[in-house]
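Thanks for coming, everyone. I'll put the sequence and the structure up now, and then we'll walk through a few spots together.

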Amino acid sequence: MPDETAAASVAAQEAMFSRLPAAARTGVTHDDGTEFARHAGLRDEPGMATYSADPHSSWRRGGNENRNGMIRRHPPKRTPIAPSMAREPQEIVDETDNRPMRVLGCRTPAEAFADELLESAENKDAALTNR
């Protein structure tokens, strides 16, 4: 993102989520940071429900906090990420998305997401066929 403003945050999320099928972008939960102040914009364009975690209630977003902990093992907190470092964040994303998780039945998050997309497409096809 070019900066940490609410407008830049919503624009980046709209660009990211708009590439997904509608069934994969049902909702998103934010924390209480000011960069999420314009979260209502996500309801308008991609049509997503937006939720906010209560301040100082990180246990309500356990999966997110777990994933953040995995990511923080790489660059130290507050390390600026420059455009020249583009490969490094992608490597971190690839590592975390391809790490099997017990909660997903030993599947990776990438596998679980692909399965959900496939199931969503099959349900949509079945609904169209049954009309």
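So, let's start with D115, which is partly exposed at 37% relative accessibility; partly exposed here means between the cut-offs for buried, under 20% relative accessible area, and exposed, over 50%, with a 1.4 Å probe and protein chains only. D115 forms a salt bridge with R107, and their closest N and O atoms are 2.6 Å apart. R107 also counts as partly exposed, at 31% relative accessibility. By salt bridge I mean a side-chain nitrogen of Lys or Arg within 4 Å of a carboxyl oxygen of Asp or Glu. How many salt bridges does a search of the whole structure find? It finds 1.

A word on what you're looking at: this is a predicted model, where local features need pLDDT of at least 70 and side-chain atom pairs count only at pLDDT 80 or more, while totals for chains, interfaces and linings use all residues. Residues are numbered from 1 along each chain as its sequence is written, and side-chain values use heavy atoms, with hydrogens and water left out.

Staying with charge for a second: the protein chain has 17 positive and 21 negative side chains. Lys and Arg count as positive and Asp and Glu as negative, with His and the chain ends not counted. The centres of the two sets lie 3 Å apart, taking the place of a charge as NZ of Lys, CZ of Arg, CG of Asp or CD of Glu.

Now, the overall layout. The protein chain has 5 helices and 2 strands, and from the N terminus on they run α-β-α-β-α-α-α. Those are DSSP runs numbered from the N terminus, H or I of at least four residues for helices and E of at least two for strands. The C-alpha trace spans about 55 × 35 × 35 Å along its principal axes. Of the 131 residues, 20% count as buried. The chain exposes about 9,700 Å², and carbon and sulfur atoms supply 53% of that; the areas come from the Shrake-Rupley method with a 1.4 Å probe, and for residues only the protein chains shown count as cover.

On to the strands. β1, residues 27–30, pairs with β2, residues 49–52, in the parallel sense over 4 bridges; to pair, two strands need at least two bridges between them by DSSP. The covered face of β1 has V28 and H30, while G27 and T29 are on the uncovered one. And which residue in β2 is the bridge partner of H30? That's S52.

Next, M70, in helix α3, which covers residues 62–71. Is M70 buried or exposed? Buried, at 8% relative accessibility. Leaving aside neighbours within four places in sequence, M70 is in contact with T96 and R99, contact being heavy atoms within 4.5 Å. From M70 to V93 it's 23 residues in sequence and 9.9 Å in space, C-alpha to C-alpha. Chain-wide, among contacts with a separation of 6 or more, 37% come from residues 24 or more positions apart.

Now have a look at the loop between α4 (87–97) and α5 (109–129), where V103 is found. V103 is exposed, with a relative accessible area of 70%. C106 lies in that loop between α4 and α5 too, and C106 counts as exposed at 58% relative accessibility. What's the phi of C106? About 65 degrees, so positive, although C106 is not a glycine. Most residues other than glycine have a negative phi.

Two last stops. E45 sits in the loop between α2 (41–44) and β2 and is exposed, at 59% relative accessibility. E45 and E14 are 31 residues apart along the chain, with 7.2 Å separating their C-alpha atoms. Then there's S18 in helix α1, residues 6–18, partly exposed with a relative accessible area of 46%. S18 and A53 are 35 residues apart in sequence, and their C-alpha atoms are 23 Å apart in space.

That's my tour, so over to you.
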